[in-house]
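I opened the model to look up how its strands are ordered, what lies across them, and how one pair of helices meets. The entries below follow the order in which I looked.

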Amino acid sequence: MKIEKLIISIVLYSMFMALPAQEFRCMVQVSAPSIQGTNRAIFEDMQKTILEFMNNQQWTDNIFKTEERIDCSILINIREQLGSDEFKGTMQIQARRPVYNSGYNTLMLNLQDDNVSFRYIEYQSLIYNPNSIESNLVAILSYYAFIILGYDYDSFSLRGGTPYFQKAQNIVNLAQSSREGGWSSFDGTKNRYWLVENLLNENHSQFRQFMYQYHRRGLDMMSEKPDEGRAAMATGFEQVQRVYRQRPTSYVLIAFFDAKREELLNVFKQSPSIEKGKVVTLLSEIDPAHSSKYQQLLSDK
């Protein structure tokens, strides 16, 4: 009898250990400073529900150890309440990735979505359905979950994030008939539609290759071989330059520099003069609005 109980315990333990762990360590904040005369508890409940949805949902078939979970954050700023259960505002999405053999976390994403509208009832459950959109809030959160996963996987293996970008694109396709904005090619050039379109468009394949080179052959090498790592990053910008010359208003390029600009300035501050000059020329072309910042590198000793 004891042996049977032991066997059952071992089987149950093995089944438990085989279950994929949650992928995110996501912080969520919902603020509504301009909304007056409403039940403030709904925003606290919304924050708690979104937190549980992001962190408890199983997004992949892979096993994540606790220490492998992706650090990310979602800040929702509700600016308008259009009805008792209808809200409109903005969402900021950030995601980070640890750099090998260091205590440094590199910022992978720093996106600002200015076209966020959804319905929410207090104590509402959020349920992701890959085949339909029943809630725009669930659709937006799920979309960005897959975008975060895609970026993270792309940084560890060449085009490793494709399956997750495809899941994000599926959400975009399902949302084409939605009355809420942000899902259509006509809603501007910096929205959910264009971000995933860029990521899966073959014209941006060199950017995807660059993301792998930048992180695995660049940042992850910096602790052991800083010169080689920095050189790999510098060479990679030639790939980005080719993408820029084809589509200079590409949203993925804007998103990359919004996340990485300060990091680039810190990394290449230590470059020898020849490498620094090459990098400054490249970055000034592909991120022209901030060329003056890159030019300052030439005066750093």
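**Entry 1: the helix on the sheet.** I am working with a predicted model. I began with helix α3, residues 136–156, and found that α3 lies across β1, β2, β3 and β4. Against β4 I read an angle of about 165° for α3.

**Entry 2: strand order.** Next I asked in what order the four strands sit in the sheet. I read the order as β1-β2-β3-β4, in an open sheet with mixed pairing. The edges are β1 and β4, each of which pairs on one side only. From one strand to the next I noted a twist that averages 15°.

**Entry 3: β1 with β2.** I then went through the sheet pair by pair. Strand β1 covers residues 24–31 and strand β2 residues 70–83; I found them paired in the parallel sense, over eight bridges. To fix the register I looked up Cys 26, and its bridge partner in β2 is Cys 72.

**Entry 4: β2 with β3.** Strand β3 spans residues 86–98, and I found 11 bridges between β2 and β3, in the antiparallel sense. The connection is a hairpin, with two residues between β2 and β3. I noted two positions for the register: Gln 81 stands opposite Phe 87 in β3, and Ser 73 stands opposite Gln 94 in β3.

**Entry 5: β3 with β4.** Strand β4 takes in residues 105–119, and 12 bridges join β3 to β4, again antiparallel. This is a hairpin too, here with six residues between β3 and β4. In the turn I checked Asn 101, which has a positive phi of about 60°. For the register I wrote down that Lys 88 stands opposite Ser 117 in β4 and that Ala 95 stands opposite Leu 109 in β4.

**Entry 6: Met 54.** I moved to helix α2, residues 41–56, where Met 54 lies. Is Met 54 buried or exposed? I count Met 54 as buried because its relative accessible area is 0%, and the cut-off for buried is under 20%. I then listed what Met 54 touches, leaving out residues up to four places away in sequence: Phe 24, Cys 26, Trp 59, Ile 74, Leu 141 and Ala 145. Of these, Cys 26 is the residue I had already looked up as the bridge partner of Cys 72. I also took one long separation: Met 54 and Asn 266 are 212 residues apart along the chain, and their C-alpha atoms are separated by 32 Å.

**Entry 7: α4 with α5.** Last I looked at a helix pair. Two packed helices are described by the angle between their axes and the distance between the axes. For helix α4 (residues 162–174) and helix α5 (residues 192–200), I found that the axes come within 10 Å and cross at roughly 145°. The crossing of α4 past α5 is left-handed. Which residues of α4 and α5 meet? From α4 I listed Thr 162, Phe 165, Gln 166, Ala 168, Gln 169 and Val 172; from α5, Arg 192, Tyr 193, Val 196, Leu 199 and Leu 200. By class, the contact of α4 with α5 holds seven nonpolar, three polar and one charged residues.

Technical notes:
Residues numbered from 1 in each chain as written. Predicted model: local features only at pLDDT ≥ 70, side-chain atom pairs only at ≥ 80, totals over all residues. Heavy atoms only, no water. Pairing = 2+ DSSP bridges. Axes fitted to C-alpha atoms, helices over the stretch in contact; angles between N-to-C directions. Left-handed = near helix turned anticlockwise from the far one by under 90°. Contact = heavy atoms within 4.5 Å. Nonpolar A, V, L, I, M, F, W, Y, C, P; charged D, E, K, R; others polar. Buried < 20%, exposed > 50% of the residue type's maximum accessible area, 1.4 Å probe, protein only.
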